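The exercises below are meant to be worked with the sequence and the structure side by side. Each task is followed by a solution that proceeds step by step.

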Amino acid sequence: MAQEVRGVVAPGKDEPVRVETIVVPDPGPGEAVVRVQACGVCHTDLHYKQGGINDEFPFLLGHEAAGVVESVGEGVTDVAPGDFVILNWRAVCGNCRACLRGRPWYCFNTHNAKQRMTLTDGTELAPALGIGAFAEKTLVAAGQCTKVDPAVSPAVAGLLGCGVMAGIGAAINTGGVGRGDSVAVIGCGGVGGAAVAGANLAGAGRIIAVDVDDRKLETARTLGATHTVNSKNTDPVEAVRELTGGFGADVVIEAVGRPETYRQAFYARDLAGTVVLVGVPTPEMQLELPLLDVFGRGGALKSSWYGDCLPSRDFPMLIDLHLQGRLPLDVFVTETIRLDEVEKAFERMHHGDVLRSVVVL
């Protein structure tokens with residue numbers, strides 16, 4: 001039977017979000033209803049609110065979430081009621097050309113719940129990234145539920161659902177950071193900070209954090225940065241070269257998503273080094289580089305989609321590392337808030353005051 005719960009809705013472009021009563025249908029075949037325990041406030045939610053993703057308003061926001069499976073639909077066998085899960089927006093299909101080539105982290109046919117949640121008047125809601133977890137309960141495809149150790153705090157676990165996984169994966173999965181490598185991370189918010197943590201976890205010998213905010217640089221040190229560069233005062237390319245014997249870093253991770261910072265990343269890497277773009281650009285941005293430099297510097301220019309993660313593989317592993325004290329995921333939780341404080345959290349995010357605000361239900 002359908003249930004009425006509270007959820008955070010973005011009614012129109014740039015309009016303030018508001019808490020509404022939403023209707024969550026019973027799960028159909030391949031679907032699950034999850035009782036949400038925590039959900040991080042991500043920049044992607046802000047992009048939805050601003051109309052930067054598409055114009056399918058009203059949106060049910062929230063996607064960096066963890067909770068407990070309440071019920072499942074026909075044919076669901078991987079999760080069951082009572083399982084503690086992290087929600088992910090890459091429910092791999094198993095049948096597309098990427099999956100059949102043994103690269104499911106590139107799945108080109110990820111899926112969401114077929115039914116839509118609605119307002120009480122029947123207005124259909126578009127769930128952010130197919131999840132919509134700023135709500136007491138949400139309906140998702142069962143493949144979007146990844147079971148992990150319930151000993152972890154939900155506020156911490158949910159962050160792997162997007163930004164933190166994107167950063168850690170950019171270092172480990174996409175960048176292939178290895179023992180003794182030199183790594184520079186440009187932009188040390190939630191995603192960039194996670195890239196620092198990922199590089200540290202992979203055994204990088206030198207990790208250089210670059211940002212314009214000393215608060216974020218200090219947090220980056222907590223996450224494993226060995227050196228910091230405030231690019232407001234110092235040329236980051238020259239600084240990275242100076243800290244790497246004049247050569248540049250083996251791997252440079254760009255976590256801002258702007259042409260000017262991408263150019264910095266390109267020239268801050270060593271010959272045959274790797275650039276990883278994990279910051280998300282906007283549609284109008286253009287990049288211009290001398291083609292001779294692209295050829296002459298060699299190496300690899302990569303973009304990282306969701307940290308090239310496979311949730312079923314990566315989420316349980318990272319949660320286990322956190323519980324062992326080897327991955328300080330709790331550092332990313334700046335504050336916990338209520339559903340009715342999401343709009344204020346967007347303001348604090350805009351001013352750079354938080355790594356993550358987390359809604360706790």
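**Exercise 1. A pair of strands and their sheet**

In this predicted model, find the residue of β8 that stands opposite Phe59, and then place the two strands within their sheet.

Solution. Begin with the pair itself: Phe59 stands opposite Ala126 in β8. Next, take the strands that carry these residues: β4, which covers residues 59-60, is joined to β8 by two bridges, and the two strands run parallel. Then widen the view to the open sheet of five strands, whose order is β7-β2-β1-β4-β8 and whose pairing is mixed. Finally, consider the ends of that order: β7 (118-119) and β8 (126-127) each have a single partner strand and stand at the edges, so one side of each is left without a neighbour in the sheet.

**Exercise 2. The faces of a helix**

Determine which residues of helix α11 are buried, and how they are arranged when seen down the helix axis.

Solution. First list the buried residues of α11, a helix that spans residues 342-350: they are Val342, Ala345, Phe346 and Met349. Viewed along the axis of α11, these buried residues fall within an arc of 105°, and therefore line one face of the helix. Now turn to the other side of α11, where Lys344 and His350 are exposed. The next step is to ask what covers the buried residues, and the elements that do so include β1 (3-10), α1 (43-49), β17 (335-337) and β18 (357-360). To finish, follow the chain just beyond α11, where Gly352 takes a positive phi of about 75°.

**Exercise 3. An asparagine in a loop**

Is Asn88 buried or exposed, and which polar partner does its side chain meet at 3.1 Å?

Solution. Locate Asn88 in the loop that lies between β6 (84-87) and α2 (97-100). Its relative accessibility is 0%, and because buried means under 20%, Asn88 counts as buried. For the polar partner, the side chain of Asn88 makes a contact of 3.1 Å with the side chain of Thr146, while the Asn88 side chain also reaches the backbone oxygen of Gly143 at 3.4 Å. Once neighbours within four places in sequence are left aside, the residues in contact with Asn88 include Ile131, Cys145, Tyr306 and Phe315.

**Exercise 4. The second largest pocket**

State the volume of the second largest pocket, and identify the residues closest to its centre.

Solution. The volume is about 350 Å³. Of the 19 residues lining this pocket, Asp78, Ala142, Gly143, Cys145 and Ser312 are the closest to its centre. As a last step, assign the lining to elements: β10 (145-147) and α10 (311-323) are those that give two or more residues to it.

Terms used
Residues numbered from 1 in each chain as written. Predicted model: local features only at pLDDT ≥ 70, side-chain atom pairs only at ≥ 80, totals over all residues. Heavy atoms only, no water. Buried < 20%, exposed > 50% of the residue type's maximum accessible area, 1.4 Å probe, protein only. Helix = DSSP H or I, 4+ residues; strand = E, 2+ residues; numbered from the N terminus. Arc of directions from axis to C-beta. Contact = heavy atoms within 4.5 Å. Pairing = 2+ DSSP bridges. Polar contact = N/O pair within 3.5 Å; in protein donor to acceptor, adjacent residues only side chain to side chain. 1 Å grid on protein atoms, 1.4 Å probe; cavity = no way out; pocket = protein on both sides within 12 Å on 5 of 7 lines; lining within 4 Å. Points joined across faces, edges and corners; volume = space filled by probe spheres on them.
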